[in-house]
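This briefing is meant to be read alongside the sequence and the coordinates. Please keep both in view while going through the points below.

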Amino acid sequence: SNDNLLLSPGEADTLRATVPALANRPLAPGNFQWTAEDPTVLEVTAGGVVRALAPGRTEVVVRGFLQERRIPVVVHRHVAHFQVAPRLADRVRIPVQTTREFTLIPQTADSVPIEGVPIAWSVSDTSVAGFNPATGILTARRPGSTTLTFAARGFVPKGWTIDVLPGAIVLSRTRLSLRPGDKTGLIANFVDDQGRTVG
């Protein structure tokens with residue numbers, strides 16, 4: 001019943017054969033012959049249990065009832081850590097009705113990016129902010145606090161605290177006059193609808 005599988009070395013999953021015309025009634029795995037096109041990438045048992053052995057691409061071939069099905073399988077390299085931006089230790093503060101991009105790149109132990117790793121994202125209060133996993137963009141909806149969390153198999157979920165502030169950003173000065181080589185500093189503050197500083 002699976003269209004494809006994405007695993008990391010050592011992970012396992014179970015394939016199940018069903019009958020769509022009979023409300024997806026499961027069929028006994030013993031009625032089928034299960035084989036792996038490349039047994040160096042994965043192994044599959046007579047019960048349809050697939051175990052990833054090494055990075056690569058292959059197919060599980062299922063034969064039975066005068067039919068044959070092929071299920072693509074990708075075994076990605078082992079994830080050692082994640083490169084993230086902004087930093088996980090940072091509390092993210094953004095004004096309402098603005099957006100912020102979040103970057104998450106699974107990497108090997110030698111910092112090589114890994115594509116295709118399944119990541120589950122969640123926002124604890126979607127009325128405060130919404131997140132689009134396809135673009136990595138968080139949109140602030142209303143003032144308040146929430147969390148943006150990501151999770152991957154084999155890792156403890158991590159994330160950011162998001163503070164959505166009312167109003168906009170204003171600078172301490174609206175006009176500057178400088179001579180070549182001069183330097184000056186600007187202070188940025190969040191202000192509410194009445195122009196009061198809120199952070």
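What follows covers aromatic pairs, two open sheets and one loop proline.

The model described here is predicted. The structure holds ten aromatic pairs, and ring pairs link Phe82, Phe102, Trp121, Phe131, Phe150, Phe155 and Trp160 into a cluster. There are also two open sheets of four strands with mixed pairing, one in the order 11-18-17-14 and another in the order 1-9-8-5.

**Aromatic pair Phe82 and Phe155**

- Among the ten aromatic pairs, that of Phe82 and Phe155 is edge-to-face, because the ring planes stand at 70° to each other, with the ring centres 5.0 Å apart.
- Phe82 belongs to strand 10 (residues 81–85), whereas Phe155 sits in the loop between strand 17 (144–151) and strand 18 (158–165), so the pair ties together parts that are 73 residues apart in sequence.
- Phe82 counts as buried, because its relative accessibility of 19% falls under the 20% limit.
- Its partner Phe155 has a relative accessible area of 30% and is therefore partly exposed.

**Aromatic pair Trp121 and Phe131**

- The rings of Trp121 and Phe131 have centres 4.6 Å apart, and their planes are at 40°, so this pair is classed as tilted.
- Trp121 is found in strand 14 (residues 120–123) and Phe131 in strand 15 (residues 129–132), which means that the pair ties together parts that are ten residues apart in sequence.
- Trp121 is partly exposed at a relative accessible area of 22%, while Phe131, at 17% relative accessibility, counts as buried.
- Both Trp121 and Phe131 are members of the cluster linked by ring pairs, as are Phe82 and Phe155.

**Sheet with the order 11-18-17-14**

- This open sheet of four strands has mixed pairing, and strand 11 (92–95) and strand 14 stand at its edges, each with a single partner strand, so one side of each is left without a neighbour in the sheet.
- On average, and with direction ignored, neighbouring strands of this sheet are turned by 20° against each other.
- Strand 11 pairs with strand 18 in the parallel sense over four bridges, and Ile94 has Val164 in strand 18 as its bridge partner.
- Strand 14, an edge strand of this sheet, is also the strand in which Trp121 of the tilted pair lies.

**Sheet with the order 1-9-8-5**

- This sheet is likewise open, with four strands and mixed pairing, and its edge strands are strand 1 (5–7) and strand 5 (33–36), each of which pairs on one side only.
- Neighbouring strands here are turned by 25° against each other on average, direction ignored.
- Strand 1 and strand 9 (residues 67–75) run parallel and are joined by three bridges, and the bridge partner of Leu6 in strand 9 is Val74.

**Loop residue Pro113**

- Pro113 is placed in the loop between strand 13 (103–107) and strand 14.
- With a relative accessible area of 54%, Pro113 is exposed, because that value lies over the 50% limit.
- When residues up to four places away in sequence are not counted, Pro113 touches Ile105, Pro106 and Gln107.
- Pro113 and Ala134 are 21 residues apart along the chain, and their C-alpha atoms are separated by 17 Å.

How values were computed:
Residues are numbered from 1 along each chain as its sequence is written. This is a predicted model: local features need pLDDT of at least 70, side-chain atom pairs count only at pLDDT 80 or more; totals for chains, interfaces and linings use all residues. Side-chain values use heavy atoms; hydrogens and water are left out. Rings of Phe, Tyr and Trp (its six-membered ring) pair if their centres lie within 6.5 Å; planes under 30 degrees apart count as stacked, over 60 as edge-to-face and the rest as tilted. Buried means under 20% relative accessible area, exposed over 50%, partly exposed in between (1.4 Å probe, protein chains only). Two strands pair if DSSP finds at least two bridges between them. Axes are lines fitted to C-alpha atoms, for helices over the stretch in contact, and angles run from 0 to 180 degrees between N-to-C directions. Contact means heavy atoms within 4.5 Å.
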